[in-house]
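Trainee: Could we go through this model together? I would like to begin with a single interaction and work outwards.
Mentor: Certainly; here is the entry.

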Amino acid sequence: MTTVQAPAPTPVAAPGATRPIFDWLLVLAVLGVIGAGIRIVLFTPFEAKQGAAQKIYYIHVPAALSTYFALTVAACMSIVYRWLHDERADRLAESAGEVALLFATVVLTTGPIWGKPIWGAWWTWDARLTLTLFLWFVTAAYLVLRGAVDDHAMRARYSAVLAILATLLIPFIHLSVYLFRTLHPMPIVLKPERPSLPAEMLTTFLLSVGAFAFFAAALMRARYRLALLREQAEAA
Amino acid sequence: MGADSPAPALLAASWLIAKKDLAIELRTRSAFLSVVVFTLLGLAIFFFAWDPTAVSAMDLAPGVLWMTFSFAGLLGLHRSFGVELEDRAMDALLIAPVDREAIYLGKAIANTIFVAAVLVIAVPAVALFYNLPLTRTIPALGGIALLAAIGLVAVGTLFSAMAVNTRMAELLLPMLSLPFFVPIVLASAQASTRLLAGRPFAEALSWIKILIAFDIVFAVACTVAFPHTLEE
């Protein structure tokens, strides 16, 4: 039990953080995603066998990559927090965790929409689906844990420990569900050989990956600034 | 307290703490009885969740056992640090001249013994309820159960220590623990289904390897992580 009260967090005087913020970067990122969406719908050819359903690939895979990106940030920042005890790392880990949950939700919603016409089922207990689902659960638990602890320092410690353990868990879930069964399409871009996607589709895909990653980064930044404002409001 | 006390001293301190917890449990028997009854209840209720003519009891039994076991384990684990809340006993533990790792290890040892004791009743019970051949069931399920218990307790003990200090401990412990139980439940169920069906041991081996790897990785990681959950 913690009897000793942790020292109150000193208000961080970040220049410009107290002003109501108009987030230009976020607006730019949203425009980027909309632009990618227009290209996906209007300027990318239909795939010969799957037709329109395949276009979800340009959202599904970039969202999945952004999830991994955000989760990596959360895990790295948790390690940095344990190492340097820097509150900024904890705040960034929290922001990345929320963004990861958002993108994982996108992955888990777009997947079944594609799966129904192509596989004939909304959901299957395939290795990757299961792994993504449990990543979603762990991320949700991470955020619930953060919400359930009032003390700043304790919250940061607990969530950092959970994030680091979750990183260790991923290979185990992956291995066990992979041994169980897999049905998911194999990667066609991120593989050792050359990408087997036609040039036009590849361009759309890469644009979409860029737009989503940028959007994820902008959201993390926005969320980080919100966390900072909230702390300042609490300290005031 | 020296953070680098030799291994025998660490184990001796851990054993002292484990003995304390087991003594409390032995004198009150509050958790053990309820967890055993819960397990038996789970085994019995799950039987009616499937049509016994469609799914043979032999195929059903391992899954039922591991699901019931992981929920029952959570009940026991919740108490592990829950008992230290009363009269702020945790503070006394923390100022005791032992390493913080020893507190975790002691709790984990006590929990493993607790869970193993539940299994001593649960494994024959599942054989009885689901009409399994006892000679094959006891060694197959018993061995896997021990491996599963170690992994379950390693993770659950750490999360129990964290969850008791939060606003919704009863809800948070399963939420944190269950995703970590996935590889355990999956691997134990797969391994035991194969062994119960009389398949060669080699078919279950890759699952057992996952269990052993999980135990080692998380026993070490959680022991190292526990002091990090406490104030410096």
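Trainee: Which residue forms a salt bridge with B:E25?
Mentor: The partner of B:E25 is B:R79, with the closest N and O atoms 3.0 Å apart. A salt bridge here is a side-chain nitrogen of Lys or Arg within 4 Å of a carboxyl oxygen of Asp or Glu. The pair links distant parts of the chain, 54 residues apart: B:E25 belongs to helix α1 (residues 7-28) of chain B and B:R79 to helix α3 (residues 57-82) of chain B. Helices (H or I, at least four residues) and strands (E, at least two) are DSSP runs, numbered from the N terminus.

Trainee: Is B:E25 buried or exposed?
Mentor: B:E25 counts as buried because its relative accessible area is 10%, whereas B:R79, at 25%, is partly exposed. Buried means under 20% relative accessible area, exposed over 50%, and partly exposed in between (1.4 Å probe, protein chains only).

Trainee: Before going further, what are the ground rules?
Mentor: The model is predicted, so local features need pLDDT of at least 70 and side-chain atom pairs count only at pLDDT 80 or more, while totals for chains, interfaces and linings use all residues. Residues are numbered from 1 along each chain as its sequence is written, chains are lettered from A and ligands numbered from 1 in the order in which they are written, and side-chain values use heavy atoms, with hydrogens and water left out.

Trainee: How many salt bridges are there over all chains?
Mentor: The count is 17 over all chains. One of them joins B:D21 to B:K20, with the closest N and O atoms 2.7 Å apart. B:D21 is buried at 10% relative accessibility, and B:K20 is partly exposed at 28%. In chain A, the side chains of A:D86 and A:R88 meet in a salt bridge at 2.9 Å, N to O. A:D86 is partly exposed, with 23% relative accessibility.

Trainee: What about A:H85, just before that aspartate?
Mentor: A:H85 has a positive phi of about 55° although it is not a glycine. The residue lies in the loop between α2 and α3 (87-119) of chain A, just after α2(A). At 39% relative accessibility, A:H85 is partly exposed.

Trainee: And what span does helix α2 of chain A reach?
Mentor: Helix α2 (residues 57-84) of chain A has 28 residues and reaches 40 Å from its first C-alpha to its last, close to the 40 Å expected at 1.5 Å a residue. The expected span is 1.5 Å times one less than the number of residues.

Trainee: Where does chain B have a positive phi at a residue that is not a glycine?
Mentor: B:N131 has one, of about 55°. B:N131 is found in the loop between α5 (100-129) and α6 of chain B and is exposed at 70% relative accessibility.

Trainee: Changing topic: how many residues of chain A are in contact with chain B?
Mentor: There are 35 residues of chain A in contact with 37 residues of chain B, contact meaning heavy atoms within 4.5 Å. The two chains bury about 3300 Å² between them, 74% of it on carbon and sulfur atoms. Buried area is the accessible area (1.4 Å probe) that two parts lose on being put together, summed over both.

Trainee: Which residues form the salt bridge across that interface?
Mentor: The rule finds 1 salt bridge there, between B:R167 and A:D150, with the closest N and O atoms 2.8 Å apart. On the side of chain A that touches chain B, α4 (127-148) and α5 (152-180) of chain A each supply at least two residues. α5(A) gives the most, with 16 residues.

Trainee: What is the overall fold content of chain A?
Mentor: Chain A has 6 helices and 0 strands. Of its 236 residues, 45% count as buried.

Trainee: Finally, what does B:S188 touch?
Mentor: Leaving aside neighbours within four places in sequence, B:S188 is in contact with B:W66, B:I144, B:A148 and B:L211. B:S188 sits in helix α7 (residues 169-196) of chain B and is buried at 1% relative accessibility.
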